[in-house]
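Welcome! Take a moment to look over the model below, and then let us walk through it together, from the whole chain to single residues.

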Amino acid sequence: MAANTNNTPVAGCNNADVLRERGQHEVFCGLTGIVWLHRKMQDAFFLVVGSRTCAHLIQSAAGVMIFAEPRFATAILDERDLAGLADCNDELDRVVDEVLERRPNISTMFLVGSCPSEVIKLDLGNAADRLSERYAGRVRILNYSGSGIETTFTQGEDNCLKAMVPVLPATPAKQLLICGTLPDVVEDQFRRLFTAMGIEDVAFMPSRRADTPPGVGPSTLILLAQPFLGATARALIGRGAKLLDAPYPFGAEGTTAWLWAAAVEFGVSAERFEAVVEGPRARARKALTPMREALAGLTVTFLPDSQLEVPLARFLHAECGMHALEVGTPYLDRQILAGELDALPAGVRLSEGQHVDRQLDRVYADRPDLTVCGLGLANPLDARGLRTKWSIELVFSPVHGYEQAGDLAELFVRPLARSDRLAV
Ligand code: SF4
């Protein structure tokens, strides 16, 4: 895909029929996002209000050593809380007091709802307001839901960022706001590219410190770095910001088109843009060449899990020569995926939502060379001789931008190479 600088219409999947599935889910919950969110916001604390299951999930996902003092914890609701015999709010206040006394460097605390707190209808919004008053001027207390009821794991980040939108300071400045958690090294790469183009006023959300959040206002232009932040984008639009129509920065061409969407708005000339991206884009294309040799002509199916499915299918098709058979995604948010759907070739089977049995039946019938799916489905598929890639790895690994394009493609090559090594 090249930067579509002349707005030529392109044929794609934007008007394709979508198979809607409503059945059993097989996904992680939104608590998972705490793993990458707490690493990014270095002065934020995440207090899950949940069960022992929630505590186990987040501890094992984050791989915390027992001697480390992580910036997340679980306030465990026990049987007395669940039976309504204890005042959960008193308990919660006590736990928050303890944590904040022990961690004076925390500037923002997120109370994170879970399935149990939602089932007993514990109002964490009220709790956050009450505790915000108590800690006014010292710690900001916000709340969001990380529950796994009818959600998927990347929605935790969307809910977290959306919770921050009302407290962002207002700004009249014309600025570019990149939305979506990026590793610091990737953030720095993008900032350098924008600076070289002459775009100086660039903010990232979430920022590295929660106590210095970006501003937002009518001259803010939002560029999404992750394709699962629809609720956050709509909340920012509610504060007057404008959402740029762009694909996502995966691969050499995806990154170019993403950068170009911002460059156009800031009046960067095509010549200057080209001079800035020429070198890194060439490096990305070079890194992709051996990956394309390994992947071209192979088929791939995405089962709904991370909400990265549509942009990654576009990347594998356009830059690695793969044929996407089915692209399933938990939620097909057309507002933030329009640029991606246009770039998917017509004929790809698009599905939204989950019905595990029916989706597996289609995988068994299609027998794709590679299936990108959640952890829970990978083993059964591997046992049937299918090759799989865990989609959660694509969220935990640095995959955005030019310098990571080769690594992104390699994540798909690896399971194929491993299975070739195991073949006798
Ligand atoms: S929030 Fe729900 S799905 Fe997630 S670990 Fe807790 S109980 Fe399980």
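The protein is assigned three domains: domain 1 (18–25 + 284–422), domain 2 (30–151) and domain 3 (175–270). These bounds come from an automatic or database domain assignment. The centres of domain 1 and domain 2, taken over C-alpha atoms, are 33 Å apart. Please keep in mind that this is a predicted model, in which local features need pLDDT of at least 70, side-chain atom pairs count only at pLDDT 80 or more, and totals for chains, interfaces and linings use all residues. Residues are numbered from 1 along each chain as its sequence is written.

Let us turn to strand β2 (44–50). Helices (H or I, at least four residues) and strands (E, at least two) are DSSP runs, numbered from the N terminus. A residue is called buried if 20 or more other C-beta atoms lie within 10 Å of its own, exposed if 12 or fewer, and partly exposed in between, with C-beta atoms placed from the backbone. Seven of the seven residues of β2 are buried, so this strand is largely enclosed by the rest of the structure. In a regular strand, side chains alternate between the two faces of the sheet. Both faces of β2 are covered, with Ala44, Phe46, Val48 and Gly50 buried on one side and Phe45, Leu47 and Val49 buried on the other.

Who are the partners of β2? Two strands pair if DSSP finds at least two bridges between them. Strand β4 (residues 108–113) pairs with β2 in the parallel sense over six bridges, and here Phe46 stands opposite Phe110. With strand β3 (residues 72–76), β2 forms five bridges, again in the parallel sense, and Leu47 faces Ala73 there.

Just ahead of β2, the loop between α1 (34–40) and β2 holds Gln42. Gln42 counts as partly exposed because it has 15 C-beta neighbours inside 10 Å. It touches Arg208 and Arg209, not counting residues up to four places away in sequence; contact requires C-beta atoms, placed from the backbone, within 7 Å.

Next comes the ligand. Around it are Cys29, Leu31, Gly50, Ser51, Thr53, Cys54, Leu57, Ser114, Cys115, Gly146, Ser147 and Gly148, where a residue is near if its C-beta atom, placed from the backbone, lies within 6 Å. Helix α2 (residues 52–62) gives the largest share of this shell, three residues. By type, the shell has five nonpolar residues, seven polar and no charged. Ala, Val, Leu, Ile, Met, Phe, Trp, Tyr, Cys and Pro count as nonpolar, Asp, Glu, Lys and Arg as charged, and the others, Gly among them, as polar.

Now for another sheet. This open sheet has four strands in the order β7-β6-β8-β9, with parallel pairing. β7 (202–205) and β9 stand at the edges, each with a single partner strand, so one side of each has no neighbour in the sheet. Four of the five residues of β8 (residues 220–224) are buried, so this strand is largely enclosed by the rest of the structure. Strand β6 (residues 175–179) and β8 pair over five bridges, with Cys179 matched to Leu224 in β8. Two bridges join β8 to strand β9 (residues 242–243), where Leu221 stands opposite Lys242. From β8, the chain crosses through helix α9 (residues 230–238) to β9, a β-α-β crossover that is right-handed: with the strands pointing away from the viewer, the path from the first strand over the helix to the second runs clockwise.

Our final stop is Trp260, in helix α10 (residues 251–265). Trp260 counts as buried because it has 22 C-beta neighbours inside 10 Å.

Key. Two residues are in contact if their C-beta atoms, placed from the backbone, lie within 7 Å.
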